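Good morning, colleagues. I would like to take you through one model this morning, beginning with a local detail and then widening the view.

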Amino acid sequence: MTSEEERRRQHRHRHKQRVVRGIDDELVNDFDAAARATGSDRSNITRQLWEWFTRRPGAELPERPPIPSMESDKAPHSRP
C-alpha cells in the first residue's frame, strides 16, 4: 500500500498551475473550441500570448482559427 505522501506525489501536476480569474464559462468553452480548431490547447495558446506580450525573443502570436461559417450553431461566439 502507498503512503499518503506517495499518493500526493503521484497526483501532483507536472507544472505549477496559474489561475486566471473573471473568465466566464462560455468564453472558456469558446476558447477551448477555437484552440482545438487550430490543433492546440488552452495552455499552449496562453503561453504563446504571454511570450508575445512580454516581447520574448522569437515569440509570435498564435494562429487563430478559421472564421466560422454563419450557418454553424456550434461555432464560437464572435466577440468584439
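Please look first at the start of helix α3, where a side-chain oxygen of D41 reaches to within 3.1 Å of the backbone nitrogen of S43. I should say at once that this is a predicted model.

The helix that begins there, α3, covers residues 42–53, twelve residues in total. From its first C-alpha to its last it reaches 16 Å, close to the 16 Å expected at 1.5 Å a residue. Just after α3 comes R55, with a positive phi of about 60 degrees.

Let me now turn to charge. Side chains of opposite charge can pair when their charged atoms come close. How many salt bridges does the model contain? The count comes to one salt bridge. In that salt bridge the side chains of D32 and R42 meet, at 2.8 Å from N to O. Because D32 lies in helix α2 and R42 in helix α3, the pair ties together parts that are ten residues apart in sequence. For orientation, α2 comprises residues 25–37.

Are the two partners buried or exposed? D32 has a relative accessibility of 17%, and since the cut-off for buried is under 20%, D32 counts as buried. R42, by contrast, is partly exposed, its relative accessible area being 42%.

I move next to the surface. A nonpolar patch is formed there by V20, I23, L27, L49, W50, W52, F53 and L61, which together have about 810 Å² of accessible area. Which element supplies the largest share of this patch? That element is α3, with four residues. Another member of the patch, V20, is found in the loop between α1, residues 4–10, and α2. With a relative accessible area of 52%, V20 is exposed, because the cut-off for that class is over 50%.

Finally, the chain as a whole. The protein chain has three helices and zero strands, and along the sequence the pattern reads α-α-α. Of its 80 residues, 11% count as buried. The chain exposes about 8,000 Å², and carbon and sulfur atoms supply 50% of that area. As for contacts between residues at least 6 apart in sequence, 36% join residues at least 24 apart.

To close, I would draw your attention back to α3: R42 of the salt bridge lies in this helix, and the largest share of the nonpolar patch comes from α3. Thank you.

How values were computed: Residues numbered from 1 in each chain as written. Predicted model: local features only at pLDDT ≥ 70, side-chain atom pairs only at ≥ 80, totals over all residues. Heavy atoms only, no water. Helix = DSSP H or I, 4+ residues; strand = E, 2+ residues; numbered from the N terminus. Expected span 1.5 Å × (residues − 1). Polar contact = N/O pair within 3.5 Å; in protein donor to acceptor, adjacent residues only side chain to side chain. Patch = residues over 30% accessible without salt bridge, like charges linked within 9 Å, V, L, I, M, F, W, Y side chains within 5 Å. Areas by Shrake-Rupley, 256 points an atom, 1.4 Å probe, with all protein chains shown as cover. Salt bridge = Lys/Arg side-chain N within 4 Å of Asp/Glu carboxyl O. Buried < 20%, exposed > 50% of the residue type's maximum accessible area, 1.4 Å probe, protein only. Contact = heavy atoms within 4.5 Å.
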